[in-house]
Structures are given as structure tokens and as C-alpha cells.
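Student: I am new to this one. Please pick a part and take me through it closely.

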Amino acid sequence: MRFVAYRDENGAEALGRLDGTRVHRLLGLDRIDRAAGDPAAVPVAEDGAELDGLALLPVARPGKVFCVGLNYRAHVDETGRDLPEYPVLFPKFASNLIGHGEPILLPPESSQVDYEAELAVVIGRAGRRIPRGEALEHVLGYTIANDVTMRDFQYRTHQWMQGKAWDGSTPLGPVLVTADELDPGKLDLSLRLNGREMQSASTDRLIFDVPTLIEVTSQFTLLEPGDVILTGTPGGVGFRRDPQVFLADGDVVEVTIGGIGTLRNTVRAEA
């Protein structure tokens, strides 16, 4: 199944099941979060709306967002770092997330805004200290993320959070595909900037795969429905290119993952 979050004609948040190009609203459920339960079990309205006419929102309303750095060898190599022996984790927040089609705002404080294509995991069943062999049972589904990063702030200290957690900076969507339809270890992903391919890889190149990330993260915190794990980006980020490439006003960024779709956002200078 595929689900999208959106605003209805009255501006209220809604969650819908996508059938072809039609979105059927889930009755009594407006977002995927810790109180949502299983959206596949929720009845839907008979009438539907065309997907193209909807203002999409991030597909989940997470209590926690975990991100993984340095999780593809090509990205590790381009940074000049050693291969990690344990996942490099850092947080984002629900206020960082934007939907498909929303503008990525360039803050006036940063001159090095970068892109990062990533597979995102959305938790569907709560768990703590989840064994690796049971990890995928806790996944509701998968979506696409663009871990937009302000590099000049990221590298001011050894902690990355101030470059990663800007409000309204991280696209997530456009759809959530339920876990029964995808193998998270065999997905092609790519990023295009104004039509030019900048990143391309497969999730079979992840250093720490999805079950490992769930196992490790749930060791120190309770994972709950709606929580999101961004699994890391491959090589080709703008900061490591020669010459460097950073996002500019008017740019169009598209992240595509096979079996899910394309997350597309335009870049706009913040007023």
C-alpha cells in the first residue's frame, strides 16, 4: 500500500491511501504518528481526490528523527575518514521536515547549503532493544528524504546537529510504501540537481543496513510508530566536489528511489 499526507480543501491535515492517481482519505486518521496505529486497517472514504492537486505534507509526524552519517563507502572515501565500526548517529526534529513540493529555504546565515539523497524508514510498531532478526517487523514502510545540510554550520564543531537541524529544511515524501512491498537492501537511489545527476547508488552498499540501524537505535531509546530513521547518503555531495556545488535560489532538487518514486523540491532564498 501507499499513503500520502496532505492538506484538504479546508487546510486541515489528512492522510490518504493512494490508489493509482487517486487519494482516498483515511477516516479518523490525519497523520502517521505514535498514536496512529496501523493505517492499513483504517477505513477510507469512497470518493477520492487526484494526487496532483494536493498540497503534500511530510508522510510522518515523528516523535524522534534519527539520521545516520557515513553509511556508504563512497561517501566515507570522499570525506577522507576511516570506515566507521559503529553507526554515526545524529538527530533531527519534526520541525525540520517539509513535504514534497515545498520550497527548501536558503537561510541568510548559511552560504553552503548542500543536498543528500537518503532512504527513510518509518517505524510502525513500538520496540526497545529490538533484536536484529526482528527489526523489520517494526517497520511500517519506506519513503524518501533529502538531508539538506548547512555545511558551514555543520563543521563549526565536532557535533553536526547545528548544520542538520534547521527548521523547514528536510524534505520527506512524497509517499510512504508499506514494508511488505519493498526490500530495503535492494533499492536504487539517485539525486538530480537541475536535471544533472549528482548522486547514484544502491542500498545494498549500506555499511549498516536497516535491521542493524533499528537494533542499534532501539538499544538506547524506545522506537515508536511514526519515528523516522534516515539511513545515510552516498557519495557525490556538493561539499566534496571540485569545484564545490551548493544549492542556489531557483534550483530544482529531485531524489528518486526505485519502488517509491521521486521527491521534488525547488530551492528558494529565505526572505
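Tutor: What follows looks at a sheet, then at an enclosed space. The model is predicted: local features need pLDDT of at least 70, side-chain atom pairs count only at pLDDT 80 or more, and totals for chains, interfaces and linings use all residues. Residues are numbered from 1 along each chain as its sequence is written, and side-chain values use heavy atoms, without hydrogens and water.

Start with the sheet. It is open and has 5 strands, in the order β9-β19-β18-β15-β16. Strands here are DSSP E runs of at least two residues, and helices H or I runs of at least four, numbered from the N terminus. The pairing is mixed; two strands pair if DSSP finds at least two bridges between them. At the edges sit β9 (104–106) and β16 (196–202), and each pairs on one side only. On average, neighbouring strands are turned by 15° against each other, direction ignored. Now zoom in. β15 (residues 188–193) and β18 (residues 252–257) run antiparallel, joined over 5 bridges. Within that sheet, L193 has V253 in β18 as its bridge partner.

Now the enclosed space. The count is 1 cavity of 30 Å³ or more. A cavity is a set of 1 Å grid points, over the protein atoms alone, where a 1.4 Å probe fits but cannot get out; lining residues have an atom within 4 Å of a point. The largest cavity holds about 110 Å³, the volume being the space filled by probe spheres set on the points. Its lining has 17 residues, with H75, E116, Q154, W160 and K164 nearest the centre. β6 (65–69), α1 (73–79) and α2 (151–154) each supply at least two lining residues.

Notes
Axes fitted to C-alpha atoms, helices over the stretch in contact; angles between N-to-C directions. 1 Å grid on protein atoms, 1.4 Å probe; cavity = no way out; pocket = protein on both sides within 12 Å on 5 of 7 lines; lining within 4 Å.
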